[in-house]
Amino acid sequence: MEIILASASPRRRELLKIIVPQFSCTTSDFDESSIDIQDARRKALTLSREKCKAVIEQYKDRDVVIISSDTVVDLDGRVLEKPTDKDDAYRMIKALSDNVHKVHTAVSVYKNGIIYTFADTTKVYVDKIPDSTIRRYIETEEPYDKAGGYAIQGFMGGYITKIHGNYHNVVGLPLAKLNKLLKNIKAI
């Protein structure tokens, strides 16, 4: 049985290697903009499931396990997507500064005609970030391919004072829950 990670994220690839040494990668051609859901957790669950379904079509005649995931940042009930430009990135980081937000990561796993989906949520506490630091940060490439405009293992790590929940969930793949599910369905 082949395990396929349906993600282009290098962070997810690194994390999955911790629990699944051998897997291949592909990307989903699902149009994420077609999902207009304002509830962040539900949006993550829906996107993860739809990405998985899109990839199933590519492998429908093979014995595979497909893993897809989506991470959504939730600030006071507002979904923070990947920033579209520097102004958007600035607004996001400024809003996250000296505030608490949630990160929802949903994972879908397909095996033998069944899609299993779950989400994990982590509360993230961010210290005050000086305006000049935000301005320097948005000049880097880091914010533009990440939900909420940041990576906990990157720049923002220096301003996160604590988290309640799973660290790997914030990076983009809740390993403990995924590991348990993969074992329960005898995928690993």
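Is valine 79 buried or exposed? Valine 79 is buried, because its relative accessible area is 14%, under the 20% limit for that class. The model is predicted. The points below cover the nonpolar cores, the contact of helix α1 with helix α6, and several single residues.

**Nonpolar cores**

- The largest nonpolar core holds 43 residues, and those touching the most other members are Leu16, Ile67, Val109, Tyr150, Met156, Leu178 and Leu182.
- Helix α3, residues 86-96, gives the most to this core, with five residues.
- A second core, separate from that one, has 10 residues, including Ala6, Ile56, Tyr59 and Tyr110.
- In soluble globular proteins, nonpolar side chains tend to be buried together.
- Leaving aside residues up to four places away in sequence, tyrosine 150 touches Ile93, Leu96, His101, Val103, Val124, Tyr137, Met156, Ile160 and Val170.

**Helices α1 and α6**

- Helix α1 spans residues 10-19 and helix α6 spans residues 175-184; their axes come within 10 Å and cross at roughly 50°.
- That angle makes α1 oblique to α6, because it falls outside the ranges for roughly parallel (under 35 degrees) and roughly perpendicular (65 to 115).
- The crossing of the two helices, α1 and α6, is right-handed.
- On the α1 side the contact is made by Leu15, Leu16, Ile18 and Ile19, and on the α6 side by Leu175, Leu178, Asn179 and Leu182.
- Sorted by class, this contact has seven nonpolar residues, one polar residue and no charged residues.
- Leu16 of α1 and Leu178 and Leu182 of α6 take part in this contact, and these three are also among the residues that touch the most other members of the largest core.

**Buried residues in regular elements**

- Valine 79 is found in strand β4, which covers residues 78-80.
- Among residues more than four places away in sequence, valine 79 touches Ile37, Gln38, Ala40, Lys43, Val72 and Val73.
- The C-alpha atoms of valine 79 and glycine 158 are separated by 23 Å, and these two residues are 79 residues apart along the chain.
- Threonine 133 lies in helix α4, residues 131-137.
- With a relative accessible area of 12%, threonine 133 is buried.
- Not counting residues up to four places away in sequence, threonine 133 touches Phe155 and Tyr159.

**Residues with positive phi**

- Aspartate 76 has phi near 55°, a positive value in a residue other than glycine.
- Aspartate 76 is in the loop between β3 (64-75) and β4.
- Aspartate 76 counts as exposed because its relative accessibility is 67%, over the 50% limit.
- Lysine 186, also a residue other than glycine, has a positive phi near 60°.
- The segment after α6 contains lysine 186, which is exposed, with a relative accessible area of 66%.

**Glutamine 153**

- Glutamine 153 is found in the loop between α4 and β7, the latter being residues 160-164.
- Its relative accessibility is 39%, so glutamine 153 counts as partly exposed.
- Glutamine 153 and valine 171 are 18 residues apart along the chain, with a separation of 7.2 Å between their C-alpha atoms.
- Glutamine 153 touches Arg11, Tyr167 and Val171, leaving out residues up to four places away in sequence.

Technical notes
Residues numbered from 1 in each chain as written. Predicted model: local features only at pLDDT ≥ 70, side-chain atom pairs only at ≥ 80, totals over all residues. Heavy atoms only, no water. Core = buried A, V, L, I, M, F, W, Y, C linked by side-chain atoms within 4.5 Å. Buried < 20%, exposed > 50% of the residue type's maximum accessible area, 1.4 Å probe, protein only. Helix = DSSP H or I, 4+ residues; strand = E, 2+ residues; numbered from the N terminus. Contact = heavy atoms within 4.5 Å. Axes fitted to C-alpha atoms, helices over the stretch in contact; angles between N-to-C directions. Parallel < 35°, antiparallel > 145°, perpendicular 65-115°, else oblique. Left-handed = near helix turned anticlockwise from the far one by under 90°. Nonpolar A, V, L, I, M, F, W, Y, C, P; charged D, E, K, R; others polar.
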